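Q: Could you take a careful look at this model with me, asking at each step what the terms rest on?

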Amino acid sequence: MNTFSKDEFKKEVNDYVKMLSRKTIKEASQLDLYHGVAYALKDFIIDQWIETHKEYEKQDAKTVYYLSMEFLTGRALGNIIINLSARDDIKEAIEELGLDLNVIEDQEPDAALGNGGLGRLAACFLDSLATLGYPAYGCGIRYKYGMFEQKIIDGYQVEVPDNWLKNGNPFEVRRDEYACEVKFGGHTKPVTKEDGRVVYVLEDYRSVKAIPYDLPIVGYGNNVVNTLRIWDAEPIQYFMLDSFNRGDYQKATEQENLAKTIVEVLYPCDDHYAGKELRLKQQYFFVSASIQTAIKKYMDNHKNIKKLYEKVIFQMNDTHPTITVAELMRILLDEYYLTWDEAWEVTNKCCAYTNHTIMSEALEKWPVDLFRTLLPRCYDIIEEINRRFVLEIQKMYPGNNEKVAKMAILYDGQVRMANLAICAGFSVNGVARLHTEILKNQELKDFYEMMPNKFNNKTNGITQRRFLKHGNPLLADWITKKIGDKWPVDLSQMIKLEEFIDNKKCQKEFMDIKYRNKIRLAKYIKEHNGVDVNPYSIFDVQVKRLHEYKRQLLNILHVMYLYNEIKEHPEREFYPRTFIFGAKAAAGYRRAKLTIKLINSVADVINNDASIEGKLKVVFIENYRVSNAELIFAAADVSEQISTASKEASGTGNMKFMLNGAVTLGTMDGANVEIVEEVGGDNAFIFGMSSDEVINHEKYGGYNPMDIYNNDMDVRKVMMQLINGTYSPEDTERFREIYDSLLTDKYGRADVYFILKDFRSYAEAQKKVEEAYKDKNRWAKMAMTNVAHVGKFSSDRTIEEYATEIWKLKKVEVKM
């Protein structure tokens, strides 16, 4: 291990501050100081980074390329310091310079490379791959502005560019030597080779140059530094002077504009043709660049492209990167001149697919005309894959046109990307046991029946290093004192906490830490929301991407119900509650954005009602992201995991809350099922319909929300408050769309996520939460039990399963 020298580190910080800002440490701004510390830290890890990749080359190690549209990494500085196991030394060095490490960390913007659970999972996986010593690259896009920075203005979400790169990124390394060309449009031309074989070349295309930027992914205490490679786009020719001189100014900058657009924003709105085209461009851009460089790297040291699968795996993280299949085939066929069968064998053995959703809307489908125009050669290849696959289906199920309709890759004018991934890959995995079973028995049943050996489950996990050791240092230190310091690399050690669960002194210590973390979050809320919250109240938290199936609406309707109860029965005992929300809604998702407005409107009424004496507070945390998530998880008492059963693939927020001693309030959905198995039903609050019941209602009907509306007066009152001006006195129709969606929408559907159906069960579970929290010893035991039984949910365990069961990787030891 590199030996950390405080004196050398302090000198490097001084030198970098001077070089970068032309100031002394005393004159420098906090941002200048952050850059000085970051560059000094990069200097410290650079030798490990170089040595790691030398060792991989020396051992000719098989490598996984983890392809993902998102990597929600959060801030890098603090995480690198934690994983170097040098926080105390670095903190001392920084303090000796008269600086504050916490203030310096706060200067770093969250990297705007992702948005939700998909991207955060990818980041956790990279952390675990490095910590376990597995050779890996993360591959994605270097978005200039991320998805967006969320501002809450007058209760509405307003999207502004997340300009996270405006001051540069000290940890990235530009790698021009790996730049490559990515081509769009044009048309294919057949060319006959000397041996009579026909290959295809692309003509009249437009192209951009893909430039990789590498970011270090530091393993915990093991000298391993893997790489997250994010691709920027630049024009092949920056400025066409001849066009400019002819007065064709648009043509002069055409290539530059094409390149700029590709990397500006994560998930551009796709409710119009241009948006769809841009999304497909983005996906092909980073996939093509990643595959080109992976193959070049392989061929630098190997002669036989037909054995690529022995050294390279492409893991497709959801359907976004599944163009991998066609692009790999294109390169093998047209650049290495393999036969179809040879190329197909290589592709089949190199590609694996993770499905992250049961929602059919998220299984990407592209209009054939768009796809064929933008990626003509890839489309030709997919057409041939589809032709051969349909023949296989017909051979196995003669005369069964329904099977073809469900499984074909090209059907009804669409290119169905999930079908392509399943057909072409050697592995298809779900991300929680329930999710995988639903895939096998419902959503992907036909594929499972035809190719059962491809399907497997890999329950998601999280990195305890980011979300406990860094995010909750008070609890992390307490745990280390109780059970030793092995848990950061072996979360199963947490079970040793069981011996302390009944110890009253340990219970008090544990709850005191929770209280201090609640004070920390209360200060953040006061600073950012201007709302005073009571740290002695129950912190009931729901933070996650806003989607109707995640049912933030159920939560806020229940808050409205509680408020009614307090107003109508002021004499009743009511334990103070603080309901905390955090969520971004997709820019084009109108109903989700209206739900944010509703939450903030309810908050405005409740938080300004002095008559309820602070018994209820509602807070919506603006711009939810990794850095404020760490504060939230550490402070939460109750973890709201209330998705409609059968809709959430896994969830990982549930695991982060559990790790920090919050108790789950949820449905039996996603990984909640496995959490309850680990902690026992007495240490969670479960409510609502089962996944089987939901699926049964969806298939056969039998649910009419009007029955509940007409017979449950509490529900009826809450519903009426959506449209009678209680929370929108200046516009009684503001929340009409939400009201209608619960009773009947414009398509004649009603309450498709069963919010009213589960409302009463949810309200009863919330009463049980209050009763349990009043019993301090019982609550402490529940919270501590959750932490003690969190071992299964480490991303280290998940990655170990991927590496041994799917990728067949070997660990590499790096000695310094």
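A: This is a predicted model, and a single facing pair of residues makes a good start, for Trp-366 stands opposite Val-415 in β15.

Q: How do you know that β13 and β15 are paired strands?
A: Two strands count as paired if at least two bridges are found between them, and 3 bridges join β13 to strand β15, residues 414–416, with the two running antiparallel. The condition is therefore met for β13 and β15.

Q: What makes β13 and β14 the edges of their sheet?
A: The sheet is open and has 3 strands in the order β13-β15-β14, with antiparallel pairing. β13 (365–367) and β14 (410–411) each have a single partner strand, so one side of each is left without a neighbour in the sheet. Helix α16, residues 417–424, packs on this sheet and touches β13 and β15, its direction making about 45° with that of β15.

Q: Why are β20 and β23 called edge strands?
A: Here the open sheet consists of 6 strands in the order β20-β19-β18-β21-β22-β23, and the pairing is parallel. Since β20 (616–620) and β23 (685–686) each have a single partner strand, one side of each is left without a neighbour in the sheet.

Q: How do you know that β21 and β22 pair, and which residue stands opposite Gly-666?
A: Pairing asks for at least two bridges, and 4 bridges join strand β21 (residues 638–641) to strand β22 (residues 663–666), which run parallel, so β21 and β22 count as paired. Gln-641 stands opposite Gly-666 in β22.

Q: Which strands of this sheet does helix α21 touch?
A: Helix α21, residues 504–529, packs on the sheet and touches β18 (538–543), β19 (577–582) and β20, with a direction that makes about 70° with that of β20. Helix α22, in turn, lies across β18, β19, β20 and β21, running at about 155° to β19.

Q: Why are helices α31 and α32 called roughly perpendicular?
A: The axes of helix α31 (residues 755–774) and helix α32 (residues 776–788) come within 5 Å and cross at roughly 110°. Angles of 65 to 115 degrees count as roughly perpendicular, and that makes α31 roughly perpendicular to α32. Their contact is made by Val-769, Ala-772, Tyr-773 and Lys-774 of α31, together with Lys-776, Arg-778, Trp-779 and Met-782 of α32. Sorted by class, this contact has 5 nonpolar, no polar and 3 charged residues.

Q: What makes α11 and α14 a roughly perpendicular pair?
A: Helix α11 (residues 324–334) and helix α14 (residues 376–396) pack at an angle of about 100°, with their axes 9 Å apart. Set against the range of 65 to 115 degrees, this angle qualifies, and α11 and α14 are therefore roughly perpendicular to each other. Among the residues that meet there are Val-325, Met-329 and Leu-333 in α11 and Ile-381, Ile-382 and Ile-385 in α14. By class, the contact of α11 with α14 has 8 nonpolar, no polar and 4 charged residues.

Q: How many cavities of 30 Å³ or more are counted, and what volume has the largest?
A: The count comes to 5 cavities of 30 Å³ or more, and the largest cavity has a volume of about 350 Å³. It is lined by 24 residues, of which Thr-73, Gly-74, Arg-75, Ala-76 and Pro-216 are the closest to its centre. α3 (77–83), α6 (117–132) and β9 (206–218) each supply at least two residues of this lining, and β9 gives the most, with 4 residues. The lining of the largest cavity divides into 13 nonpolar, 6 polar and 5 charged residues.

Q: Which residues lie closest to the centre of the second largest cavity?
A: The second largest cavity has a volume of about 150 Å³, and of the 16 residues that line it, the closest to its centre are Glu-548, Leu-553, Arg-591, Ser-741 and Ile-755. Helices α22 (552–568), α23 (590–607) and α30 (736–743) each supply at least two residues of this lining, which by class has 8 nonpolar, 4 polar and 4 charged residues.

How values were computed. Residues numbered from 1 in each chain as written. Predicted model: local features only at pLDDT ≥ 70, side-chain atom pairs only at ≥ 80, totals over all residues. Heavy atoms only, no water. Axes fitted to C-alpha atoms, helices over the stretch in contact; angles between N-to-C directions. Parallel < 35°, antiparallel > 145°, perpendicular 65-115°, else oblique. Contact = heavy atoms within 4.5 Å. Nonpolar A, V, L, I, M, F, W, Y, C, P; charged D, E, K, R; others polar. 1 Å grid on protein atoms, 1.4 Å probe; cavity = no way out; pocket = protein on both sides within 12 Å on 5 of 7 lines; lining within 4 Å. Points joined across faces, edges and corners; volume = space filled by probe spheres on them.
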